[in-house]
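Okay, thanks for having me. Let me put the model up on the screen and we'll go straight in.

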Amino acid sequence: MNLKTLSAAAAVLALAGLAGSNTAGAVPGTVSGDGGNRIGTLRVNGDAYVKEGGLSATWVKESGNVKQVALSGNRIGVLTGDGVAWVKEGGLSATWVKEATDVKQIALSGNRIGVLKDNGEAYVKEGGLSATWVKESGKVKELELSGNRIGVVTGDGVAWVKEGGLSASWVRESDNAIGIDLAGNRIGVLVGNGVAWVKEGGLSASWVREADDVIQLELSGNRIGVLKDSGDAYVKEGGLSATWVHEYTHAIQIALSGNRIGVLKGDGDARVKEGGLSATWVLEAGDVTELALS
């Protein structure tokens, strides 16, 4: 779920802030979920909003001065402009808990919280919001969580995944990686030449080549989404060799969650559809710089 080349990154701004200076210091974070009913948006002015329920539910302002928003189940995480990671659990108006400082990315999955620090160290905690942090790796440039799996891309372009407890052993998945995404028993990597690969099953399963000219890769359940460097968004449903369905043009971000698909346009309009791959789009908000689904 990362970007293809430095030139592409300059054009699309590495997925996490695609249109606003508020996110200039952020790195890519998880924007796709596991089938929840929450939608999060980060607006041009740095305000984070979340809605819960149907696509026409009411937005609730969660925080200002935000550069990343992450959703998972009944948890909401934000990373503020001063590098502080906050998480709340429960309703949309629950109380924030300060999780960590000097953070450049936050990730959520189930009862796990992950942070990537400015110095490249990745930490994950499991359990309550005040659980103890476990250092997972150093020299990290992206952190991903899904279920009992943790994935990282290190500074040398190697993608690693571990499965089980927080102290499980790392398995080397791919070289030349610029992004990683996890969902269930699927692992996706985007490599430096814009090729998206996905595997299903164990950590040593075989890779399937999914698409070329990709700048963002997203996984959720049995769906795979890609955003091409042309701005075309595609989604497939079912097996790894299922047929792609063209979803949108002129997109700068795609997000998946269960039977929901979200896209963000360059003009800041965020749209979400629910149901089949050919369902009708609903305009969710304008002036959006990042879209996240739970």
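So, E142: it's buried, yet it has no salt bridge, and the nearest side chain of opposite charge, K141, is 7.9 Å away. A few cut-offs, then. Buried means under 20% relative accessible area, exposed means over 50%, and partly exposed is in between, with a 1.4 Å probe and protein chains only. A salt bridge is a side-chain nitrogen of Lys or Arg within 4 Å of a carboxyl oxygen of Asp or Glu. As for opposite charge, Lys and Arg count as positive and Asp and Glu as negative, while His and the chain ends are not counted.

Before I go on, this is a predicted model, with local features needing pLDDT of at least 70 and side-chain atom pairs counting only at pLDDT 80 or more, while totals for chains, interfaces and linings use all residues. Residues are numbered from 1 along each chain as its sequence is written, and side-chain values use heavy atoms, with hydrogens and water left out.

Back to E142, then. What lies 3.3 Å from a polar atom of its side chain? That's the backbone nitrogen of I180.

And where does E142 sit? In strand β12. Strands here are DSSP runs (E, at least two residues; helices would be H or I, at least four), numbered from the N terminus. β12 belongs to an open sheet of 4 strands, in the order β12-β13-β14-β15, with antiparallel pairing. Two strands pair if DSSP finds at least two bridges between them. β12 (140–146) and β15 (171–174) are at the edges with a single partner strand each, so one side of each has no neighbour in the sheet. From one strand to the next, the twist averages 25°. For that, axes are lines fitted to C-alpha atoms, for helices over the stretch in contact, and angles run from 0 to 180 degrees between N-to-C directions. Over at the β15 edge, β14 (residues 159–163) pairs with β15 in the antiparallel sense over 3 bridges. If you want a residue to click on, A159 has S174 in β15 as its bridge partner.

Now the charged residues that do find a partner. How many salt bridges does a search of the whole structure find? It comes to 20, and I'll show you three of them.

Take R38 with E52, where the closest N and O atoms are 3.1 Å apart. R38 lies in strand β1 (residues 38–43) and E52 in strand β2 (residues 48–52), so this pair ties together parts 14 residues apart in sequence. R38 is buried at 2% relative accessible area, whereas E52 is partly exposed at 40%.

Next, K125 and E99 meet at 2.7 Å, N to O. K125 is in strand β10 (residues 122–126) and E99 in strand β7 (residues 97–100), so here the parts tied together are 26 residues apart in sequence. Buried or exposed? K125 is buried, at 4%, and E99 is buried too, at 8%.

Then there's E237 with R223, at 3.1 Å, N to O. Strand β22 (residues 233–237) holds E237 and strand β21 (residues 223–228) holds R223, so the bridge links parts 14 residues apart in sequence. E237 is partly exposed at 39%, and R223 is buried at 2%.

Let's go back to β1 and β2. They belong to another open sheet of 4 strands, ordered β3-β2-β1-β28 and antiparallel. The edge strands are β3 (60–63) and β28 (288–293), each pairing on one side only. Neighbouring strands in this sheet are turned by 25° against each other on average, direction ignored. β2 and β3 pair in the antiparallel sense over 3 bridges, and Y49 stands opposite K61 in β3.

K61 turns up again with D47, which is in the loop between β1 and β2 and is buried at 11%. The D47 side chain makes a polar contact with the K61 side chain at 3.5 Å. A polar contact is a pair of N or O atoms within 3.5 Å; within protein, one must be able to donate a hydrogen and the other to accept it, and residues adjacent in sequence count only if both atoms are side-chain atoms. Leaving out residues up to four places away in sequence, D47 touches T41, L42, K61, S63 and G64, where contact means heavy atoms within 4.5 Å.

Last stop: L71, in strand β4 (residues 66–72), buried at 6%. Beyond its neighbours within four places in sequence, L71 has contacts including R38, V50 and L293.
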